[in-house]
Amino acid sequence: MKIYISVDIEGVAGVVHGDHCGVNGGADYQRARRWMTQEVNAAAEAFLEAGAELVVANDGHGGMRNILIEELNPEIELITGSPKPFSQMEGLMLPCGGTEFDAVAYVGYHARNNTDGILSHTISGGVVNEVKVNGRPLGEGGLNAAIAAELGLPVIFMSGDMAACLEAEQDYKPIVTVATKVAVTRYAARSLTPQKAQRLIREGAKKAYETFSADKAKGFVFLQDHPCVIELRFHNSGTCDNSARLPGAKRLDPVTLSFEAPDFLEGFKGLRGMIALGS
């Protein structure tokens with residue numbers, strides 16, 4: 001079985017502040033990207049030990065050059081750098097269509113904007129207030145699960161803060177979730193140590209792989225109606241003004257645009273286009 005891992009940083013154990021999430025954070029960022037790398041290793045090594053023939057990890061945070069490739073298990077392949085057309089899910093789909101993978105896993109995920117999660121946001125914290133797909137609010141995990149579902153793949157494992165785990169169990173139902181921390185406020189948490197989080201991630205990933213292998217029907221697939229209607233609510237009308245220039249975008253109110261596509265893969269491109277123009 002071949003496993004694809006989408007990786008973010010805000011849900012990693014110990015990460016609670018913007019300094020942990022980008023180069024301007026200095027030493028705190030360097031520590032956090034090492035924790036991020038270690039959590040990827042924990043999940044990927046569990047999949048490999050359980051029998052996976054291939055594990056590919058995609059760095060999906062910020063500029064997407066966070067994971068320390070020299071510290072990854074040498075059997076893991078890494079997708080790194082940006083821009084990527086499918087962002088946190090780049091490489092899941094083959095250039096000619098279809099996929100080589102059997103299942104998807106998430107590491108380091110966070111909850112969507114307007115929730116009580118650590119560093120909660122949806123794709124672009126400065127632009128996006130809310131995203132709905134056919135009337136259903138979704139965060140990054142749900143949106144990425146919809147991409148996987150278009151290719152017939154389930155999300156079998158997810159690690160992140162408790163709010164992200166609860167969101168996952170509601171929106172796309174991975175087989176196993178591992179909570180690395182619980183929010184006290186948006187910028188404070190009761191966190192597991194990196195060592196314990198990695199141990200639980202290793203155990204959870206192994207359980208997810210074995211459960212999915214034993215009965216693929218247990219892998220939940222997020223079914224998306226067609227056509228696909230994306231609604232993007234912005235923080236302010238000026239950002240919406242800029243994004244309204246996207247061909248096909250329809251203004252619903254001063255801060256909301258909609259974009260209709262034949263399927264979610266095309267709808268996602270429209271969503272990213274609106275966000276890019278708003279940025």
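Me: Which residue stands opposite Gly160 in S7?
Reply: In this predicted model, Tyr109 stands opposite Gly160. S7 covers residues 155-160, and four bridges join S7 to S4, the two running parallel.

Me: What makes S4 and S7 a pair of strands?
Reply: Two strands pair if there are at least two bridges between them. S4 and S7 are joined by four bridges, so they count as paired.

Me: Where do S4 and S7 sit in their sheet, and which strands are at the edges?
Reply: The sheet is open and has six strands in the order S3-S2-S1-S4-S7-S8, with parallel pairing. Its edge strands are S3 (76-79) and S8 (176-179), because each of these pairs on one side only. From one strand to the next, the twist averages 15°. Helix H4 (residues 194-214) lies across S1, S4, S7 and S8, and runs at about 170° to S7.

Me: How many aromatic pairs are there, and why is the one between Tyr4 and Phe101 called edge-to-face?
Reply: A search of the whole structure finds six aromatic pairs. The rings of Tyr4 and Phe101 are 5.4 Å apart centre to centre, with 75° between the planes. Centres within 6.5 Å make a pair, and planes over 60 degrees apart count as edge-to-face, so these values earn both words.

Me: What does the pair of Tyr4 and Phe101 tie together?
Reply: Tyr4 lies in strand S1 and Phe101 in the loop between S3 and S4, so the pair ties together parts that are 97 residues apart in sequence. Tyr4 has 0% relative accessibility and Phe101 has 4%. Buried means under 20%, so Tyr4 counts as buried, and so does Phe101.

Me: Why is the pair of Tyr106 and Tyr109 called stacked?
Reply: The angle between their planes is 0°, and the centres are 4.1 Å apart. Planes under 30 degrees apart count as stacked, so that is the word for this pair. Tyr106 is buried at 0% relative accessible area, and Tyr109 is buried at 1%.

Me: Is Arg112 buried or exposed, and how do you know?
Reply: Arg112 has 17% relative accessibility, so it counts as buried, the limit being under 20%. Arg112 lies in the loop between S4 (103-109) and S5. The side chain of Arg112 makes a polar contact of 2.8 Å with the side chain of Asp171. Beyond its neighbours within four places in sequence, Arg112 is in contact with residues including His121, Pro137 and Glu167.

Me: What makes Tyr187 partly exposed?
Reply: Tyr187 has 47% relative accessibility. Partly exposed lies between the limits of 20% and 50%, so that is how Tyr187 counts. Tyr187 is in the loop between S9 (181-185) and S10 (188-191).

Me: Why does the link between Tyr187 and Arg186 count as a polar contact although they are adjacent in sequence?
Reply: Adjacent residues count only if both atoms are side-chain atoms, and the limit is 3.5 Å. Here the side chains of Tyr187 and Arg186 are joined at 2.5 Å, so the contact qualifies. Leaving out residues up to four places away in sequence, Tyr187 touches Val16 and Leu119.

Me: Which parts do the buried residues of H6 pack against?
Reply: They pack against S5, H2, S11, H5 and S13. Among the buried residues of H6 are Phe264, Phe268 and Leu271. Ring pairs link Phe264 and Phe268 with Phe86 into a cluster.

Terms used:
Residues numbered from 1 in each chain as written. Predicted model: local features only at pLDDT ≥ 70, side-chain atom pairs only at ≥ 80, totals over all residues. Heavy atoms only, no water. Buried < 20%, exposed > 50% of the residue type's maximum accessible area, 1.4 Å probe, protein only. Contact = heavy atoms within 4.5 Å. Polar contact = N/O pair within 3.5 Å; in protein donor to acceptor, adjacent residues only side chain to side chain. Axes fitted to C-alpha atoms, helices over the stretch in contact; angles between N-to-C directions.
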